Amino acid sequence: MSRHCRICSAFLLGLISSAGCAAVSLEADLNLTPELLQQRQLQTRRFDTTDEQRILNTCAALLQDTGFNVDESDTRLGIITGSKKRDATDASQWALFIVGAFFGVSIPPDDNQIMKVCVTTRPVGESVKQVAVRVVFERIVYNMEQRISKIEALSDPKIYQSFFEKLSKAMFLDAHDI
Amino acid sequence: MISERLKKNLLVLISLLVLTGCATTHDRLLDMDTSQVQLRSFQSRAFDTTDKEKTMRAIIATLQDLGFMLDRADYTLGVVAASKSRADVLRAPGSLRVTVTVRPRGEKQLMVRANAEYQLQPVTEPKPYQNFFNSLEKAMFLEAHQVD
């Protein structure tokens, strides 16, 4: 067996074994787990206001400020979704690609990404009127061959903190943890 | 040299393949392979409320809690569509898409129907829908009634 053939078969085997286990499963992904509830805490803040409309307007402006294009919105239900396409090149992946090329292995580096955002608002609280704002960021990364290399939720707390900081500055209101 | 018999067999085989191609497109387009009545009962639940807005907001919150990204929402139609896709180096890409509709059922109830698609297949087992409605019940603070 030639060396090239061996690498190919190893790659194929890897593909077959990975195909058996998908990143999303029917059994696990429709159940509420403690991790998912933790995500909710990270992605949600409450604002002391009853003016949901104003929050939505401010969010729409904030999304524009951060370069997102609005894809879908429904003010009655309190949702705005947006997306943007950005560069995703990473120097370390290029280094790996060049090293790989010497050994005849192709590891295509990431090229571009679609970043998605979804903001939802909803009135909460019985006596104290507040509006909860939830934001979710996700990205789809394409490699040089324009194939999807990664789809992931962005869960770095810093991203969410800075989003809410910007939002409360724009609203002149304090954001409370839930 | 191909014998006459083999040629005939090949022709039959090819025409069979062509024919099945047509049939599967039809089947997939209208997905008529499972019992519609049974599927509808898996996918539907009735809630004792007439507040459409609150129900739709609860559906949106539940889908977000489950890690879905909202694709569409329309109050007038009563439709919420969301999807969850993940892919990484170690695992194959997975995608789950859900559409949930809300419509009045009688005078005092709302009917919530969800249908899902996983990878390239429609979801026809009851369990995933049960899990979804369990989560929705918690967000609605209401019991979901099975509908016949």
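This report describes a predicted model of a complex, with attention to chain A, its contact with chain B and one helix pair.

**Confidence**

The predictor assigns the complex an ipTM of 0.80 and a pTM of 0.81. For chain B, the average pLDDT is 86, and 91% of the residues score at least 70.

**Architecture of chain A**

Chain A contains five helices and seven strands. Read from the N terminus, these elements follow the order α-α-β-α-β-β-α-β-β-β-α-β. Of the 178 residues in chain A, 24% are buried. Among the contacts in chain A with a separation of 6 or more, 57% join residues that are 24 or more positions apart.

One pair that is distant in sequence is T49(A) and V131(A), which are 82 residues apart along the chain, while their C-alpha atoms are 6.2 Å apart in space. T49(A) lies in the loop between β1 (44-47) and α3 of chain A. This residue counts as partly exposed because it has 14 C-beta neighbours inside 10 Å, a count that falls between the limits of 12 or fewer for exposed and 20 or more for buried.

**Contact between chains A and B**

The contact between the two chains involves 33 residues of chain A and 35 residues of chain B. On the chain A side, the elements giving two or more residues are α1 (3-19), α2 (34-43), β2 (69-74), β3 (79-87), β4 (110-124), β5 (130-143) and β6 (148-153). Of these, β6(A) gives the most, with five residues. By residue class, the side of chain A that touches chain B comprises 16 nonpolar, six polar and eleven charged residues.

**Packing of α3(A) against α5(A)**

Two packed helices are described by the angle between their axes and the distance between the axes. For helix α3 and helix α5 of chain A, the angle is about 125° and the axes are 10 Å apart. The two helices are therefore oblique to each other, since this angle lies outside the ranges for roughly perpendicular (65 to 115) and roughly antiparallel (over 145). The crossing of α3(A) past α5(A) is right-handed.

The table lists the residues that form this contact.

| Helix of chain A | Range | Residues in the contact |
|---|---|---|
| α3(A) | residues 52-65 | I55(A), T58(A), C59(A), A61(A), L62(A) |
| α5(A) | residues 157-171 | K166(A), L167(A), A170(A), M171(A) |

By class, the residues of this helix contact divide into seven nonpolar, one polar and one charged. The polar residue is T58(A) and the charged residue is K166(A).

Methods
Residues are numbered from 1 along each chain as its sequence is written. Chains are lettered from A and ligands numbered from 1 in the order in which they are written. This is a predicted model: local features need pLDDT of at least 70, side-chain atom pairs count only at pLDDT 80 or more; totals for chains, interfaces and linings use all residues. Two residues are in contact if their C-beta atoms, placed from the backbone, lie within 7 Å. Helices (H or I, at least four residues) and strands (E, at least two) are DSSP runs, numbered from the N terminus. Axes are lines fitted to C-alpha atoms, for helices over the stretch in contact, and angles run from 0 to 180 degrees between N-to-C directions. Angles under 35 degrees count as roughly parallel, over 145 as roughly antiparallel, 65 to 115 as roughly perpendicular and the rest as oblique. A crossing is left-handed if the near helix is turned anticlockwise from the far one by less than a right angle, and right-handed if clockwise. pLDDT is the predictor's confidence in each residue, from 0 to 100.
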